[in-house]
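Visitor: Could you walk me through this one? I have not looked at it before, so please take it slowly.

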Amino acid sequence: MTGLSTHVLDATSGTPAVGMSVILQDAAGGELASGVTDADGRIGQVSTQPLVPGIYHLVFETGEWFSDNDIEAFYPEVDICFTVDDADRHYHVPVLLSPFAYSTYRGS
């Protein structure tokens, strides 16, 4: 399996972040793909194409999501910059989100 997936959890409520827009960009900021998190806070395939080795950005539209959910928050977006080193691998980039903090890790 190749490509890119993500998962966003609202760490404050302990529930999935449903309906969050996510954009995949190349190193120069060009949009490659986009999607919206589902009822489980997931996008199973942000990109179905193998990602060639290089630097990418996964931009989470957190400000819009917080506003839509009537939550005061600090971050208008979260930009996770990561490196792809193997085009034959699947990459999973999850985010744990709260109004004033976030964390991420290289998932499996």
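Guide: Let me begin with a term we will need: two strands count as paired if DSSP finds at least two bridges between them. Please keep in mind that this is a predicted model.

Visitor: Okay, and what stands opposite Phe60?

Guide: Phe60 stands opposite Val78, which lies in β7. That is one position in the pairing of β6 with β7, which runs in the antiparallel sense over seven bridges. Two other positions belong to the picture as well: Tyr56 has Phe82 of β7 as its bridge partner, and Gly54 stands opposite Val84 in β7.

Visitor: What order do the strands of that open sheet come in?

Guide: The sheet is built from four strands in the order β4-β3-β6-β7, and the pairing is antiparallel. The edges are formed by β4, residues 31-36, and β7, residues 78-84, each of which pairs on one side only. Neighbouring strands in this sheet are turned by 20 degrees against each other on average, with direction ignored.

Visitor: How many bridges join β3 and β6?

Guide: β3 and β6 pair over five bridges, again in the antiparallel sense, and Leu24 stands opposite Leu58 of β6. As for its surroundings, β6 is mostly covered, with five of its seven residues buried.

Visitor: And β7, which residues are on its covered face?

Guide: The covered face of β7 carries Val78, Ile80, Phe82 and Val84, whereas Asp79, Cys81 and Thr83 make up the uncovered one. Asp79 counts as partly exposed because its relative accessibility is 35%. Leaving aside neighbours within four places in sequence, Asp79 is in contact with His57, Leu58 and Val59. The C-alpha atoms of Asp79 and Ile23 are separated by 9.3 Å, although the two residues are 56 residues apart along the chain.

Visitor: Now the inside. Which residues touch the most other members of the largest nonpolar core?

Guide: That core has 23 residues, and those touching the most other members are Leu4, Leu24, Leu58, Phe60 and Phe82. Several elements supply at least two residues each, namely β1 (3-10), β3 (21-26), β5 (42-47), β6, α1, β7 and β8 (90-98). Phe82 gives a good view of the surroundings: setting aside neighbours within four places in sequence, Phe82 is in contact with Leu4, Leu24, Gly54, Ile55, Tyr56, His57, Leu58 and Val93.

Visitor: Back to the other edge strand for a second. Is Ala33 buried or exposed?

Guide: Ala33, which is found in strand β4, is buried, because its relative accessible area is 17% and the cut-off for buried is under 20%. Beyond its neighbours within four places in sequence, Ala33 is in contact with Val22, Ile23, Leu24 and Val46. Ala33 and Thr48 are 15 residues apart in sequence and 9.3 Å apart in space, C-alpha to C-alpha.

Visitor: Switching to charges, how many salt bridges are there?

Guide: The count comes to one salt bridge, in which the side chains of Asp40 and Arg42 meet at 2.7 Å, N to O. Asp40 counts as partly exposed because its relative accessibility is 37%, and Arg42 counts as partly exposed because its value is 35%.

Visitor: What about Glu61, where is that one found?

Guide: Glu61 is found in the loop between β6 (54-60) and α1 (62-68). Glu61 is buried yet has no salt bridge, and the nearest side chain of opposite charge, that of Arg42, is 21 Å away.

Visitor: Then what does Glu61 touch?

Guide: Not counting residues up to four places away in sequence, Glu61 touches Met20, Ser21, Ile23, Pro76 and Glu77.

Visitor: Last thing: which residue has a positive phi although it is not a glycine?

Guide: Asp70 has a positive phi of about 55 degrees although it is not a glycine. For background, most residues other than glycine have a negative phi. The place of Asp70 is in the loop between α1 and β7, and Asp70 counts as exposed because its relative accessibility is 76%.

Definitions and conventions. Residues are numbered from 1 along each chain as its sequence is written. This is a predicted model: local features need pLDDT of at least 70, side-chain atom pairs count only at pLDDT 80 or more; totals for chains, interfaces and linings use all residues. Side-chain values use heavy atoms; hydrogens and water are left out. Buried means under 20% relative accessible area, exposed over 50%, partly exposed in between (1.4 Å probe, protein chains only). Lys and Arg count as positive and Asp and Glu as negative; His and the chain ends are not counted. A salt bridge is a side-chain nitrogen of Lys or Arg within 4 Å of a carboxyl oxygen of Asp or Glu. Contact means heavy atoms within 4.5 Å. Axes are lines fitted to C-alpha atoms, for helices over the stretch in contact, and angles run from 0 to 180 degrees between N-to-C directions. A nonpolar core is a set of buried Ala, Val, Leu, Ile, Met, Phe, Trp, Tyr and Cys residues joined through side-chain atoms within 4.5 Å.
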